[in-house]
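Please open the structure in your viewer and keep a selection tool at hand, since the tour below moves from the whole chain to its cores and then to a few backbone details.

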Amino acid sequence: MNWVRMKLIGLLCLAATGLAQQPFVPAVVATPGSNSGILYGVYRGALVKSTDLGLTWNPIYLTEAGLPQPPVDGFDIDANDPNTLYLATTAAAGAFWKSSDAGVTWATANSGLPSTGPAPDYFKQVQDSGTFLYLKFGNQFFKSQDLGRTWVVQGTLPGSAGRIEIAEARRAWVYYVEPSTLAVSFSPDEGHSWQPVGKVPASLSNTVITGMGVLYFSPGALYVSVDGSGSGQAAYRSPDGGATFSDQTSAGLGEFTKILSFTTGPTYALTAGYQGTFRSTDGAQTWAAVGTTGDRYGISAVDPQLRTTVYGVKTVFGSPVPTALVTSLDAGATWATIPATIFPTVAKPVARINLTLEESAPYAAPFNITVSEDPTWKLAVTISTSGEPWLQLGATAGTTPLVDSITINTAGLAPGIYNSTLTISAPQSRNKSVNVPVQLTIRPLGSLGPGYLISTVAGNGNSTDTKTTGAATTLGIGAAKALTFDATGNLLISAGNHLWQLASGNLNLLAGNGVQSSSGDGLDPLAASLFDPDAVALDSTGAIYLAEYGPERVRKLAAGIISTYLDMTSLTYHLNVMAGSHSLLFDSTVANGVFLTSPLGLLHFDGTRLLVKTPYAFSDPYGMAADASGDLFISDRSLHQIIEITPARPRRGGNLSGGAGTGEQISIQREQSAGRKLGCERRPLERGRLGRGGRLQSQLPHPVVAVIGHQDVA
């Protein structure tokens, strides 16, 4: 311990003399041991390495430097050889990579693993008679016993959405928990066969298993942490392999993500967002919360040689954003900040540029020069070409993030293929420079014919991906459901239970952890769950609203906080809307007002009251748009029609018309309402009649047919 303390103090003094790297806050994920000085961490999904106990860091490149790297879904150091590293990633990115030289070079080690499908959601190394590696892809459980060279399917899990955990001290024992039922299954034979053993005693819907763990020194002691809507959100312990469970709140343990235990030293339970840690020094009989008073200190990794030495991150009280890399030499009782810096990577704008143009056709296009680790970081760059006169640059020097451009002058070029190279140099970066090959194909005049330029601006076609930022066409975004532009012209995309922002050719994840659920209010938006929003809208302040059809909610993202703006199932509104809304549109005439659709008709919410603005027997309302005059157009997928709703004029009611499609004559049956409070008067509600052009006109003097929440509807 003294050696570690002395070395750390010396390195901190060295840092004070003026290292020039970019400050950042990685999360340490593994270390070979206290005497090596080597730490491996993750920053924004990419692997980084330090050889001086976290002071200076370098990115690790599995593939070409400057291109997006395989995202880290799991990482470990071989327990017998600190130079052997393992990295689990998405199937599209190679599934599993291995380095035998401490991360200098890498090769895929994926023989027998899926080449398509979901990313692995579990990776573990277990030491027994040798090194055993395990991976979970969906409902398939894989094992390698030759250091990743080959993989075999151990068996089929009881489900694909659940979590598994291996008892390290008895690796044949494997546990599985299904989130939809909280049923626990046990395999006594390394995943070949499964048997139900019990159930976590929580009454939850939209359940999320936030963590699982098995004590190293007690392979039958299973811990499960659950969250969701309802009752029973807690950490549970089973002393008998999943047969019975008890809530561990009274023992001092709260919800966790992972348990780190061994035969010696404290046992740690890590938390989401590193908002503190639970620690036990009596064999997990009782727990104490550490790093949870004032600013938060959350453990991310434990030194395997000296288990009281831990690494983590600091977050300022009230904020989910990590502000510093920290270490503790006394199991989290006191902490020291490590001023971490990194040599950044200058990114390639694209892997290559291939253009096909007709003779004498003009061409110009912008491209973005950024830093791979963080597109906002500043880095001096110079840009040049290999000298071909037909390729010209808008700028030859600048500071990232830099918007540059290329112009192609095809005048005088005969049909054929022409090649050039675009070079971006950054001497202060880790990779120093990147080269972008440019291939220009000239076709005879008129051979391409008239047309428009069609290009992919976001998504790589992969439905599952764990990267949260990077060049837009290199990320898998999933099935896109809704698009809108924010006030600065950036495109917002609802896709794959995520909310993305497309800005300057890069995608950034704004909200959603990829789990289809409506939960996590008040958390870091990236840790919250979205239920595949069908519509996205912004108010005048720039706050983002998301319509979640399944759970019948509207979520709000503002100032880095996600919340539920409207729960349509709430008894507060005394209204059974029958279903959520596929559509969402702001009412420019009312502050905070939004229009929604339901089988009851057009709904309106003003932040306090949920109203049936105009009743109509929709079957399956989906899309909604407004024209310049405020008329609303709603598509009904089941009726195969477009319905128009016209705002009421003075002394006239809301109008509806069959705007497009064929179907039966439209009519609205209105019932009688009785006013309550606020001086509401009783008013008969009449059947609408058809006006000119087939437009259905209301005879009511007010467009609101039934006020729900502050009035009763008979």
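Begin with the whole protein coloured by secondary structure, where one helix and 59 strands are to be found; please bear in mind throughout that this is a predicted model. Before selecting anything smaller, switch on a surface: the protein exposes about 30900 Å², and carbon and sulfur atoms supply 53% of that area. Of the 714 residues in the protein, 51% are buried. Among the contacts with a separation of 6 or more, 46% are accounted for by residues 24 or more positions apart.

**The nonpolar cores**

Next, select Phe24, Trp57, Val381, Ile383 and Leu440, which are the residues with the most contacts inside the largest nonpolar core, a set of 40 residues. To see which elements feed this core, add strand E3 (39–43), strand E31 (353–358), strand E32 (363–369), strand E33 (380–385), E36, strand E37 (416–425) and strand E38 (433–443) to the selection, for each of them supplies at least two of its residues. E38 deserves its own colour here, as the largest share of the core, five residues, comes from this strand. As general background, nonpolar side chains in soluble globular proteins tend to be buried together.

Then clear the selection and pick Val184, Leu204, Ile209 and Met212, which are included in a second, separate core of 18 residues.

**Backbone details**

The remaining stops concern backbone geometry, for which the background is that most residues other than glycine have a negative phi, and most peptide bonds are trans.

Go first to Ala284, in the loop between strand E24 (277–280) and strand E25 (288–290), and display its backbone torsions: phi is positive, about 70°, although Ala284 is not a glycine. Is Ala284 buried or exposed? With a relative accessible area of 2%, Ala284 counts as buried, because the cut-off for that class is under 20%.

Move on to Ala331, found in the loop between strand E28 (322–328) and strand E29 (336–338). Ala331 likewise is not a glycine and yet has a positive phi, of about 65°, and its relative accessible area of 6% places Ala331 among the buried residues.

Finally, select Thr400 and Pro401 and inspect the bond between them, which is a cis peptide bond with an omega of about -5°. Pro401 is located in the loop between strand E35 (397–399) and strand E36 (402–408), and E36 is also one of the strands that supply at least two residues each to the largest nonpolar core.

Technical notes:
Residues are numbered from 1 along each chain as its sequence is written. This is a predicted model: local features need pLDDT of at least 70, side-chain atom pairs count only at pLDDT 80 or more; totals for chains, interfaces and linings use all residues. Side-chain values use heavy atoms; hydrogens and water are left out. Helices (H or I, at least four residues) and strands (E, at least two) are DSSP runs, numbered from the N terminus. Buried means under 20% relative accessible area, exposed over 50%, partly exposed in between (1.4 Å probe, protein chains only). Contact means heavy atoms within 4.5 Å. Accessible areas come from the Shrake-Rupley method with a 1.4 Å probe; for residues, only the protein chains shown count as cover. A nonpolar core is a set of buried Ala, Val, Leu, Ile, Met, Phe, Trp, Tyr and Cys residues joined through side-chain atoms within 4.5 Å.
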